[in-house]
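Student: I have a chain open here and would like to talk through how its pieces pack. Can we start with a pair of helices?

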Amino acid sequence: MDNQKLLLHALSYIRTMAEGKNPLTGTEEPDGSALKEERVKKCLSYVAGVLEDAASGKFSPARVKKEPFSLTEEQRARVRVMEGEASLRELLDHIYTYAENGNMKIIPRGLTRDWLAAEGLLVFHDGHFSISPEGKAAGLIWRQPDGVHWAVVFTPEAQQWLIDRLPELFSYIEQQKGAPKIDPETGEVLGKRSSGGKIPFSLDPETLDSIAVLPGGVSISRFVQNLNSYIDEGMQKLSRTTLTDWLTEHGYLERVQKDSRQALVPTEKGETLGIRWECRGEEGRGYWGTVYYDEAQTFLLTHLSEILR
């Protein structure tokens with residue numbers, strides 16, 4: 001087994017232990033086990049992140065430049081589905097093992113997910129992906145691997161669907177190199193970019209007065225998407241980070257660790273304003289997110305000019 005495969009194997013063990021499970025059996029460790037200690041879990045999560053960076057080529061002690069992942073036609077023909085169901089990460093790691101060159105970057109999960117959305121199997125809505133009818137027909141299903149969080153899982157049928165279309169996936173990944181990252185919900189270009197001659201985002205008082213709050217509480221992405229629908233083509237889109245950075249700076253939001261990920265959640269001051277950290281359900285699955293109710297949306301609209309200074 002070459003170094004890259006060993007690294008992926010070790011990464012799988014570390015991830016499992018970071019979840020408080022036995023890496024050999026996948027079963028939950030009993031209370032009192034060192035793997036159930038929060039400090040140990042955080043340490044293992046950090047190590048898993050370092051290993052993942054090393055596997056993707058972002059970090060390498062030897063600083064060896066890794067090549068983009070690819071498979072020859074013969075190698076693709078040998079790829080077989082995994083037994084039972086598999087997560088996207090497990091499936092991509094499995095496909096990686098069919099490459100003979102261990103000095104390749106891992107297959108990017110984010111771009112693979114974007115490709116599945118472009119192919120119509122996934123739908124991006126309100127900050128989260130859901131499975132489309134086409135995705136269900138291909139064999140994608142929802143599961144709760146840890147008994148709490150829902151995730152998209154590939155049945156053998158869905159695995160075969162992706163394996164049959166690996167050339168299209170690799171072509172899509174290649175095309176995205178150097179392309180700006182687009183927020184699929186707001187349409188904003190993420191990361192550094194030039195204005196392209198467009199004027200900065202702004203809304204005149206009359207337009208602001210005409211904007212109604214969105215009922216039922218919405219994500220910041222959905223709120224920004226609504227504001228961007230009022231601007232002309234020659235204007236830059238508003239970035240959600242413009243709002244969340246301002247709210248954080250003024251004590252309405254704070255960044256905390258939630259389920260092994262960083263999340264912006266409301267402070268007590270933010271909750272008073274109408275910002276909530278809530279679990280929302282969709283198609284039987286639940287996910288946690290920060291939700292902005294009427295008062296919070298009205299507050300942002302009222303202070304938008306101040307935020308944009």
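**Helix packing and a small sheet**

Tutor: This is a predicted model. In it, helix α4 (residues 88-96) packs with helix α5 (residues 109-118) at an angle of about 110 degrees, and their axes are 11 Å apart.

Student: How is α4 oriented relative to α5, roughly parallel or roughly perpendicular?

Tutor: Roughly perpendicular, because angles of 65 to 115 degrees count as such.

Student: Which residues make the contact?

Tutor: On the α4 side they are Leu88, Arg89 and Leu92. Helix α5 contributes Arg109, Thr112 and Arg113.

Student: And how many of the residues in that contact of α4 with α5 are charged?

Tutor: Three are charged, two are nonpolar and one is polar.

Student: Switching to strands. What is the order in the open sheet?

Tutor: The order is β1-β5-β4, three strands with antiparallel pairing.

Student: Which strands stand at the edges?

Tutor: β1 and β4 do. Each has a single partner strand, so one side of each has no neighbour in the sheet.

Student: Does anything sit on it? I mean, which helix packs on the sheet?

Tutor: Helix α7, residues 156-164, packs there and touches β1, β4 and β5. The direction of α7 makes about 80 degrees with that of β5.

Student: Back to the pairing. How many bridges join β1 to β5?

Tutor: Two, between β1 (residues 86-87) and β5 (residues 151-154), and these strands run antiparallel. In that pairing, Ser87 stands opposite Val153 of β5.

Student: And over how many bridges do β4 and β5 pair?

Tutor: Strand β4, residues 140-143, pairs with β5 over four bridges, also in the antiparallel sense.

Student: Which residue does Ile141 stand opposite in β5?

Tutor: Val153. So for Val153, the entries are Ser87 in the β1 pairing and Ile141 in the β4 pairing.

Student: Now the whole protein chain. How many helices and strands are there?

Tutor: There are 14 helices and eleven strands.

Student: What share of the residues counts as buried?

Tutor: 39% of the 309 residues in the protein chain count as buried.

Student: What about the area the protein chain exposes?

Tutor: About 17500 Å² is exposed, and carbon and sulfur atoms supply 51% of that.

Student: Last one: what share of the contacts with a separation of 6 or more comes from residues 24 or more positions apart?

Tutor: In the protein chain, they account for 54% of those contacts.

Notes
Residues numbered from 1 in each chain as written. Predicted model: local features only at pLDDT ≥ 70, side-chain atom pairs only at ≥ 80, totals over all residues. Heavy atoms only, no water. Pairing = 2+ DSSP bridges. Axes fitted to C-alpha atoms, helices over the stretch in contact; angles between N-to-C directions. Parallel < 35°, antiparallel > 145°, perpendicular 65-115°, else oblique. Contact = heavy atoms within 4.5 Å. Nonpolar A, V, L, I, M, F, W, Y, C, P; charged D, E, K, R; others polar. Buried < 20%, exposed > 50% of the residue type's maximum accessible area, 1.4 Å probe, protein only. Areas by Shrake-Rupley, 256 points an atom, 1.4 Å probe, with all protein chains shown as cover.
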